[in-house]
Amino acid sequence: MNRFRLLIPDRLFDEMIAHAHREYPLECCGLLAGLREDGLVTARYPLVNIRASETEFLSDPQSMFAAMRQMRADDTMILAVYHSHPSSEPIPSRKDCEQRYADDVACVIVGMKEVITTRVWWLSEANYQEAEWQILNVKRGE
Ligand SMILES: [Zn+2]
C-alpha cells in the first residue's frame, strides 16, 4: 500500500480548523488534495455533511463531485478526508473505519473536546494506525 507523509501548509490547516469551529457542534467534513508523490496538500475542499450530525458525517455527493472535477482539472488527487469530533477524542470510530474513503487515503480528525487536537490515521476495515504528518510553515508577512 502506498502510504505517504502528509504535509499540510499552515494556511490550509488553519482553514480546516476554522471549518470545524464553524460547523460546531456538528461534525464538519472535507477533502485535502495534492500530489501523492510528496504528500503535499495543495488544496482544501470543504464538503457538506448531509447527516448534519454531532456524531457522524456523510459527504454530500454533489459537493464531492464538484471537488473531484476540480482535482481532475488541477491534476491532483485526494490525499486525506478530514472530519471533526465535536465532543470526543480524535480517534477513529468503528464507523469511520467501515466507511473510510480508501485504505491509501489518510483520515484527519479534529478533536474538539476541551482542547483542539488534530490526529491523522490510516484506516482499514477494522483497524487504524497513526499516520506521519506535519504542518508546513509557509505563511509570510501576515
Ligand atoms: Zn469520526
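User: Happy to look at this one with you. Where does Cys29 sit in the secondary structure?

Analyst: Glad to help! This is a predicted model, and in it Cys29 belongs to strand β2, which covers residues 29-35.

User: Why is Cys29 called buried?

Analyst: Buried means under 20% relative accessible area. Cys29 has 1%, so it counts as buried. Leaving out residues up to four places away in sequence, Cys29 touches His19, Pro46, Leu47, Val48, Asn49, Phe57, Ser59, Tyr82 and His83.

User: His83 is in that list. What makes His83 a donor of the zinc ion?

Analyst: A donor here is an N, O or S atom within 2.8 Å of the metal. The NE2 atom of His83 is one of the protein donors, together with NE2 of His85 and two OD entries of Asp96, and they lie 2.0 to 2.7 Å from the zinc ion. Those distances are within the limit, so the atoms qualify. Along the chain, the donors follow the spacing H-x1-H-x10-D.

User: Why is the arrangement around the zinc ion called irregular?

Analyst: Tetrahedral would need all angles between 85 and 135 degrees. The four donor atoms subtend angles of 53 to 160°, so that test fails. Square planar would need opposite donors over 155 degrees apart and all others between 65 and 115. The 53° angle fits neither condition, and the arrangement is therefore irregular.

User: How do you know whether the two histidines are buried or exposed?

Analyst: The same kind of cut-off settles this, under 20% for buried. His83 has a relative accessible area of 2%, so it is buried, and His85 is buried as well, at 5%.

User: What about Ser84: why is that residue called buried?

Analyst: Ser84, in strand β4 (residues 77-85), has a relative accessible area of 0%, which is under 20%, so it is buried. Leaving aside neighbours within four places in sequence, Ser84 is in contact with Ala20, Leu26, Glu27, Cys28, Val110 and Met112.

User: What makes the approach of Ser84 to Cys28 a polar contact?

Analyst: The side chain of Ser84 reaches the backbone nitrogen of Cys28 at 2.9 Å. The limit is 3.5 Å, so the distance fits.

User: Which side chains make polar contacts with the side chain of Arg44, and why is Arg44 called buried?

Analyst: Arg44 is in strand β3 (residues 40-47). Its side chain has a polar contact of 3.2 Å with the side chain of Glu15 and another of 2.8 Å with the side chain of Tyr82. As for burial, Arg44 has 17% relative accessibility, under the 20% cut-off, so it counts as buried.

User: What makes Ala52 and Glu114 stand out in their backbone?

Analyst: Most residues other than glycine have a negative phi. Ala52 has a positive phi of about 40° although it is not a glycine, and Glu114 has one of about 65°, again without being a glycine. Ala52 lies in the loop between β3 and α2 (61-74), while Glu114 is in the loop between β5 and β6 (117-124).

User: Why is Glu114 called exposed, but Ala52 partly exposed?

Analyst: Exposed means over 50%, and partly exposed lies between 20% and that value. Glu114 has a relative accessible area of 78%, so it is exposed. Ala52 has 48%, so it is partly exposed.

Notes:
Residues numbered from 1 in each chain as written. Predicted model: local features only at pLDDT ≥ 70, side-chain atom pairs only at ≥ 80, totals over all residues. Heavy atoms only, no water. Donors = N, O, S within 2.8 Å, 3.2 Å for Na, K, Ca; no water. Tetrahedral: all angles 85-135°; square planar, octahedral: opposite > 155°, others 65-115°. Buried < 20%, exposed > 50% of the residue type's maximum accessible area, 1.4 Å probe, protein only. Helix = DSSP H or I, 4+ residues; strand = E, 2+ residues; numbered from the N terminus. Polar contact = N/O pair within 3.5 Å; in protein donor to acceptor, adjacent residues only side chain to side chain. Contact = heavy atoms within 4.5 Å.
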